[in-house]
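Reader: Please choose one part of this model and go through it closely, residue by residue, giving the cut-offs behind each term as you use it.

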Amino acid sequence: AVVSTQSTGSGEWNNIMYAEFEGKQKEVFVDIHAIPIIKKQCLPISRQEEWESRRHWRHVTKALAENNVDSASSEKFAIEEHQRFLRRQREETGEVHQQRLFRKDGDNWLFNRPLRSRKGLLQ
């Protein structure tokens, strides 16, 4: 198979990124500083489900915010060990894990509620 390069990218993910399309001059692809910051909207931890990311990882996040890498590592290890334990339990009982938020699409996983379908965004 013949592979052709359509464009190349350069820059920094947290600054300005450039694209250079075949036969054209390099141009700004995205300037992070020109994009408005939109505050995330999340339910309070007390109202989140058990496996929601912010609730599940809150102790790791707190430890990192306090610059306590040892505690963050311990909390992360405990979460991962618990997940391994649950997986072993499912394997032993033959239970198949049911995905709630994602669906398999070939080799990819797709979110069931993509951003553009929520709150009328990106229409």
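Author: Arg 84 is a convenient place to begin: its relative accessible area is 40%, so it counts as partly exposed, a class that lies between buried (under 20% relative accessible area) and exposed (over 50%), judged with a 1.4 Å probe and with protein chains only. The underlying accessible areas come from the Shrake-Rupley method with a 1.4 Å probe, and for residues only the protein chains shown count as cover. The model is a predicted one, in which local features need pLDDT of at least 70 and side-chain atom pairs count only at pLDDT 80 or more, while totals for chains, interfaces and linings use all residues. Residues are numbered from 1 along each chain as its sequence is written, and side-chain values rest on heavy atoms, with hydrogens and water left out.

The partner of Arg 84 is Glu 81, and the closest N and O atoms of this salt bridge are 2.7 Å apart; the term requires a side-chain nitrogen of Lys or Arg within 4 Å of a carboxyl oxygen of Asp or Glu. Because Glu 81 and Arg 84 are three residues apart in helix 3, about one helical turn separates them. Helices here are DSSP runs of H or I with at least four residues, strands are runs of E with at least two, and both are numbered from the N terminus. Glu 81 is also partly exposed, at 30% relative accessible area.

Helix 3 holds another such pair, Lys 76 and Glu 80, which are four residues apart, again about one turn of the helix. Their salt bridge has its closest N and O atoms 2.7 Å apart. Lys 76 is partly exposed at 38%, and Glu 80, with a relative accessible area of 21%, is partly exposed as well.

Across the whole structure, a search finds five salt bridges. Among them is the pair of Glu 49 and Arg 100, whose closest N and O atoms are 2.8 Å apart. This pair connects distant parts of the chain, since Glu 49 belongs to the loop between strand 3 and helix 1 and Arg 100 to the loop between helix 3 and strand 4, with their positions 51 residues apart in sequence. The accessibility of the two ends can be stated separately: Glu 49 is partly exposed at 41%, whereas Arg 100 reaches 57% and therefore counts as exposed.

The surroundings of both ends deserve a look. Gln 48 is in the loop between strand 3 (27-31) and helix 1 (53-56), and it is buried, with a relative accessibility of 6%. Leaving out residues up to four places away in sequence, Gln 48 touches Cys 42, Leu 43, Arg 54 and Arg 55, where contact means heavy atoms within 4.5 Å.

On the other side, Leu 101 lies in the loop between helix 3 (69-93) and strand 4 (102-105) and is partly exposed, at 44% relative accessible area. Together with Phe 102, Trp 109 and Phe 111, Leu 101 makes up a nonpolar surface patch whose combined accessible area is about 390 Å². Patches consist of residues with over 30% relative accessible area and no salt bridge, with nonpolar side chains (Val, Leu, Ile, Met, Phe, Trp, Tyr) joined within 5 Å and like charges within 9 Å.
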